[in-house]
Amino acid sequence: RLPRPGSEGAPRSKPCEHLLDCGDIVWSLAFGSSVPEKQSRCVNIEWHRFKFGQDQLLLATGLNNGRIKIWDVYTGKLLLNLMDHTEVVRDLTFAPDGSLILVSASRDKTLRVWDLKDDGNMMKVLRGHPNWVYGCAFSPDSSILCSVGASKAVFLWDMDKYSMLRKLEGHHNDVVACEFSPDGALLATASYDTRVYVWDPHIGVILREFGHLFPAPTPIFAGGANDRWVRSVCFSHDGLHVASLADDKMVRFWRIDEEYPVQVASLNNGLCCTFSTDGSVLAAGQDGSVYFWATPSQVSSLQHLCRMAIRRLMPTSQVKNLPIPCKVLEFLCYQI
């Protein structure tokens, strides 16, 4: 059993190993906590079966049989067993506001919204994907959900109304991964068409294209098999860098304002990647292994820090109404 941090039995240096028997192949994982980054939008009703403490860490596991199991990480106790999906649960994501709202993406062509504070009640089924759903991601303020899937699908959902905001059109093959920038102003999507797109999700415009095959394939070839399928994409916490994994056995580290990668590393059979909390380490998953790289160190400019502070509060439509010079406006909208 993994002791809680700060308790008498908690290790000071050596990490403990903890094994959870999920009973089936695990396709997706997500950590969740009731510690909010802002005021939770959910009401904590007293008669709920579980009361989640401020020091409680949950792990959601998406399984091959369509089930989602929710675990208390520190005790190893199975808290909830969610069983409404009929196919593989391909991805899981918790709302970052501490509300313990969980969204699951499945090969059954649906996304399902679960309220873990209400005994795992399934609040809503989001339908619209014509085929498998590969991934999903919340915006930093938890108001928007992006979901991606087969048949070139990139959908944005209003999580206050549980309705579709818009479809983003531009990819030429299955879209397999997505992530918002830390300020919520940008959205990165990775596709089997050999491209990573960086979007303005508020107006549905492609701002950047990171190609993994030169010259870029035409749409008819981008939809076919090739050795440049992009498997994963993630945003660094400085909001300036993006990492991508492709089938060409390469990991690429990009700046959002440059056309070509800043750094490249080799990796066979890479499947997924993510940055550490401070952005100094990039981890990439392979068949049976995880590799770590130290990312290039860089101090963000005061201009970019100010841009991120503004964009955390204002969507593109509000920024465009500000009485400011055109060049400043373009900078705030990540157009230069």
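**Contacts, core and repeats in a predicted model**

Trainee: What share of the contacts with a separation of 6 or more comes from residues 24 or more positions apart?

Mentor: This is a predicted model, in which local features need pLDDT of at least 70 and side-chain atom pairs count only at pLDDT 80 or more, while totals for chains, interfaces and linings use all residues. Residues are numbered from 1 along each chain as its sequence is written, and side-chain values use heavy atoms, without hydrogens and water. A contact means heavy atoms within 4.5 Å. Among contacts in the protein with a separation of 6 or more, the share from residues 24 or more positions apart is 46%.

Trainee: Which strand gives the most to the largest nonpolar core?

Mentor: A nonpolar core is a set of buried (under 20% relative accessible area, 1.4 Å probe, protein chains only) Ala, Val, Leu, Ile, Met, Phe, Trp, Tyr and Cys residues joined through side-chain atoms within 4.5 Å. The largest has 18 residues, and L186, V233, I256 and Y334 have the most contacts inside it. Strands are DSSP runs of E, at least two residues, numbered from the N terminus; β14 (187-191), β15 (195-200), β16 (205-211) and β17 (230-235) each supply at least two core residues. With three residues, the top contributor is β17.

Trainee: How far apart are the end C-alpha atoms of residues 230-264?

Mentor: UniProt, in an unreviewed entry, lists this span among those for "repeat: WD"; such annotations may be inferred rather than shown by experiment. The span is 0% helix (DSSP H or I, at least four residues) and 57% strand. Its end C-alpha atoms are separated by 14 Å.

Conventions: Buried means under 20% relative accessible area, exposed over 50%, partly exposed in between (1.4 Å probe, protein chains only).
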